[in-house]
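Here are some worked exercises for you to try with the model open in your viewer. Have a go at each task before you read its solution.

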Amino acid sequence: MTSTAHLPVRSSDLAVETVFAEQRQAFARHPMPPAAQRRQWLKSLREALLDGQQALIEAIDADFQGRSRDETLLAELLPSVQGLRHAERHLQRWMRPARRRAGLAFQPARARVEYQPLGVVGIIVPWNYPLFLAIGPLTCALAAGNRVMLKLSEATPATGEALKALLGTVFPQDLVSVVLGDVAVGQAFARLPFDHLLFTGATGIGRQVMLAAAQNLTPVTLELGGKSPAIVSQDVPLATVAERIAFGKTLNAGQTCVAPDYVLVPRERLGAFAEAYRQAVQRLYPRIADNPDYSAIINPRQHERLQRLLDDAREQGAEVLDLYPHEVRQGRRLPPHLLLDVHPRMQVMQEEIFGPLLPLVPYDHLDQALDYINQRPRPLALYYFGYDRSEQARVLRDTHSGGVCLNDTLLHVAQDDLPFGGIGPSGMGHYHGREGFQTFSNAKAVLAKQRLNAARLIYPPYGRALQRLVHKLFIR
């Protein structure tokens, strides 16, 4: 019994609990799906995504009221399909028991690790990439042989309905189910006694999810965020760096958990970098207001939050540069901004920005840049731009982050054979590829012995013979 038993029962609780019970019963009937069955699940999901892509693209566009079709193809559909292909291709090898060494004291014996499905997995999906951040963990959970419930964000209702309809054509409800609804439904979802719960979203909400899961001792994977820094070295070409940072910062209008949050720039290169960044952004997006390539901010609440960050920085003395000062704004397409002369008391330097605002922080030598990063919570991603191999190695050695790109941004997340996850305030646990399969599997230790039992030598009654044996073989 958990401490949530005293809470009043709502209709939302009953709905999710009914689906959960169905999935748990279905798992009990089929606790170890074979590889062929799992590959068929993945193949069917991949084909359904490709067949239904137009409806999903339109739904995401409707939720954002202006989301680039090509960004959805590039950042949501493509990595989802590639991740499914990767899992199909490697599943048999992932499922193979791993041989381990049985110690000399326990011979004759064989040791191995077998990967067993956990049971029913819960996945809480954020609004910023509602397709990819649903399909990515779903792929891993299905590859591991689990039943899955997904809770879609209330901020993307059209996408939720479209994905629910699509998955309903592929899977029965007792295998994969999509849960829609408001915050109360999400809270009821997090209280379910899942065998594993994965949450992607804001750090503050992640704490609440972890607290709810703790009532059932449910293991969690948290994919959070934070302020992911980029470091510009002393001699790297600024035009190259600015273009790559601009792409990472403006994709989905900066509403990306691994977007560069701020840039550490050598003090003497600050003005030149600001100009190179302005030129790079304007090459990518010649205009903003009615540009179908540039995505809108998801909703008025997020748009107002970003405007408050700008206002607070300006009031505290920051130089705020609108890179499209002569355009009349339309809807929620917020133009990219640069912020100079920032300091730690500004909200923009305390909160994850999650939008197209980019503070520039000057530094005088690499030690100072690394100290600046290490004095702050560990980020989800870190980006270093410079071709000196020794400096690259130093950045990797002397900083902690969930992942790193050297001389690029974002693209480490799209690598199917690399784990994705945070560290400390930016998250815990990993998924994608093999690590995702392992996250949603029980690594069961197996020690197998047959008729011969040499371990009888260590059975009681104990005596001097045992002591001599132990000291001679194992303690010397």
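At 25% relative accessibility, Asp-195 counts as partly exposed; the scale runs from buried (under 20% relative accessible area) through partly exposed to exposed (over 50%), with a 1.4 Å probe and protein chains only. Please keep in mind that this is a predicted model, in which local features need pLDDT of at least 70 and side-chain atom pairs count only at pLDDT 80 or more, while totals for chains, interfaces and linings use all residues. Residues are numbered from 1 along each chain as its sequence is written, and side-chain values use heavy atoms, with hydrogens and water left out.

**Exercise 1. Find the residue that forms a salt bridge with Asp-195, and say how far apart the closest N and O atoms are.**

Step 1. Apply the rule: a salt bridge is a side-chain nitrogen of Lys or Arg within 4 Å of a carboxyl oxygen of Asp or Glu.

Step 2. The partner is Arg-24, with 3.0 Å between the closest N and O atoms.

Step 3. Now place both ends. Arg-24 is in helix H1 (residues 11-29) and Asp-195 in the loop between helix H7 (183-190) and strand E6 (196-200), so the pair links distant parts of the chain, 171 residues apart. Helices (H or I, at least four residues) and strands (E, at least two) are DSSP runs, numbered from the N terminus.

Step 4. Arg-24 is partly exposed too, at 33%.

**Exercise 2. How many salt bridges does this rule give in total, and how are Lys-43 and Glu-47 placed in helix H2?**

Step 1. The count comes to 17 salt bridges. Side chains of opposite charge can pair when their charged atoms come close.

Step 2. Lys-43 and Glu-47 are one such pair, with 2.7 Å from N to O. Because they are 4 residues apart in helix H2 (residues 35-51), about one helical turn separates them.

Step 3. Lys-43 is partly exposed at 32%, and Glu-47 is partly exposed at 33%.

Step 4. Arg-287 and Asp-290 make another salt bridge, their closest N and O atoms being 2.7 Å apart. Arg-287 has a relative accessible area of 37% and Asp-290 one of 45%; each counts as partly exposed.

Step 5. Salt bridges that share partners also join Asp-367, Arg-394, Arg-397 and Asp-398 into one network.

**Exercise 3. Describe how domain 1 and domain 2 meet, starting from the domain assignment.**

Step 1. The assignment, whose bounds come from an automatic or database source, gives domain 1 as 11-224 + 426-444 and domain 2 as 229-414. Their centres, taken over C-alpha atoms, are 31 Å apart.

Step 2. Contact (heavy atoms within 4.5 Å) takes in 19 residues from domain 1 and 24 residues from domain 2.

Step 3. The size of an interface is often given as the accessible area lost when the parts come together. Here the two domains bury about 1700 Å² between them, with 51% of it on carbon and sulfur atoms; this area uses a 1.4 Å probe and is summed over both parts.

Step 4. Between domain 1 and domain 2 the salt bridge count is 0, yet 13 residue pairs are in polar contact, both at pLDDT 80 or more. A polar contact is a pair of N or O atoms within 3.5 Å; within protein, one must be able to donate a hydrogen and the other to accept it, and residues adjacent in sequence count only if both atoms are side-chain atoms.

Step 5. On the domain 1 side, helix H3 (53-64) and helix H4 (69-95) are the elements that give two or more residues, and H4 supplies the largest share, 4 residues.

**Exercise 4. Are Gln-65 and Ala-253 buried or exposed, and what is the sign of their phi angles?**

Step 1. Gln-65 lies in the loop between H3 and H4 and has a positive phi of about 55 degrees, although it is not a glycine. At 59% relative accessibility, Gln-65 is exposed.

Step 2. Ala-253 sits in the loop between helix H9 (238-250) and strand E9 (262-266). Phi of Ala-253 is positive as well, near 55 degrees, while its 0% relative accessibility makes it buried.
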